[in-house]
Amino acid sequence: MSIYKTQFGREMSLNLYDAQLKKLEYSCKDVYVHSRFGRTHIIETGNLSGEPLLVFHGGNSTTAYNLLIYRFLLKDFHIYAVDIIGHPGKSDEVNLSPRNYDYGKWASDVITALGFDKIACFGASFGGGVLAKLMCTAPEKVKKSVLIVPSGINNAFPISTVKMMIPLLKYKLTKKEKYIKKTALFMAIKEEILDKDTLDMVKDSFDHVKTKVGMPSNVSEHLMQQCKAPTLIMAAEKDCLFPAKKVLPRAQRIIPNNTAHMLKGCGHMHMMPDLEKKMIVDFLNV
C-alpha cells in the first residue's frame, strides 16, 4: 500500500525532494542497498574525504529537507543520508512498526550493505528514534551517535500536540496557508524558523503523504545499556513533542557514555545555533 495519498501526490513530493536537494550545492550520488525489509535509497554527499556519517531524517519528512536543515555537516563529513523506509523519498514504501525494533534491524542492514563494520550516526526527531533502536539492536555497529530532539527516549506527548489538530483541520478544510503556519508554529515556536523550505515540506507532508502519527517507542533501558558508543543528545527546551526536561534525564540514565545538552529557547523545529553546530562537529571529529 502506497505511503502517498495519490500517484500525483507522489510525483509532487518527489519533485520537491529533488528541488530541495539541488539547493545543497554539493554533488549528490544516488545509492541503493537492500535490507531484509526492502530496497533503501541513500544520498551520498558532503566531504568525500571526511569521516563517514550515516544520517537519519525526521518522520513524514525527507532526507533532502533534513540535509538543508543540517547542511553544516556537509563541510566536514562524508554523508550517507538515508531515506527511511516507508517514509517520503525513494526507498521502498514498506511500513515498519514503530513499536518494536524493526527500524533498528533495518538500519543495521543498511550499515552492512554499505560495507561498514561500524559508522558514526546522526538522527533527528523520528530519525533519532530509529538511531536509538539501532543502538539497542546492533550496538557494535555504532561508532558514535548524535541524537537531536529524538523520539524513542522518553515519548510523553503534552496537551499542546492535541491543540495542533485544530489549525490542521482548518487547513484541510480551507487549504489556506495561514493554518499551515499556525500548525507548524506549535513545533517551531518562532515564525522566523518557518522559511520557504520548511513550509514547503510541511505542506507537502499534509497534502500528499499519509501522515504517520506513531513515533518510535521508548527503547529498553536494558538493551540501551549495551551500547557503549559515545553519544551526544540534544533536546529542545520548548519542544512540544519531546521536551528536554523529559528526554535528557532518561537519556542520561539509560545511555552509558552520554553527553546531554539542552537547546535553550528552541522548539522541536529549530535553526541549530552556531555554538551547538560546533559542539556536534567537534564531538564527531574527536
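Student: In this predicted model, where is I189 found?

Tutor: I189 is found in the loop between α7 (177-188) and α8 (196-208).

Student: Why is I189 called partly exposed?

Tutor: Its relative accessible area is 36%. Partly exposed covers the range between the buried limit of under 20% and the exposed limit of over 50%, so I189 is partly exposed.

Student: What is notable about the phi of I189?

Tutor: The phi of I189 is positive, about 70°, although I189 is not a glycine. Most residues other than glycine have a negative phi.

Student: Which value does phi take in V149?

Tutor: Phi of V149 is near 35°, a positive value, and V149 is likewise a residue other than glycine. V149 is found in the loop between β6 (142-148) and α5 (160-163).

Student: What makes V149 buried?

Tutor: The relative accessible area of V149 is 2%. Buried means under 20%, therefore V149 is buried.

Student: How many disulfides does the structure hold?

Tutor: The structure holds zero disulfides.

Student: How do you know that C136 has no bond to the closest cysteine sulfur?

Tutor: The closest cysteine sulfur to that of C136 is in C227, 7.7 Å away. A disulfide needs the two sulfur atoms within 2.5 Å, so this pair is too far for a bond. From the other side, C227 is in no disulfide, and its nearest cysteine sulfur is that of C136.

Student: Why are C136 and C227 called buried?

Tutor: C136 has 5% relative accessibility and C227 has 0%. The cut-off is under 20%, so C136 counts as buried, and so does C227.

Methods. Residues numbered from 1 in each chain as written. Predicted model: local features only at pLDDT ≥ 70, side-chain atom pairs only at ≥ 80, totals over all residues. Heavy atoms only, no water. Helix = DSSP H or I, 4+ residues; strand = E, 2+ residues; numbered from the N terminus. Buried < 20%, exposed > 50% of the residue type's maximum accessible area, 1.4 Å probe, protein only.
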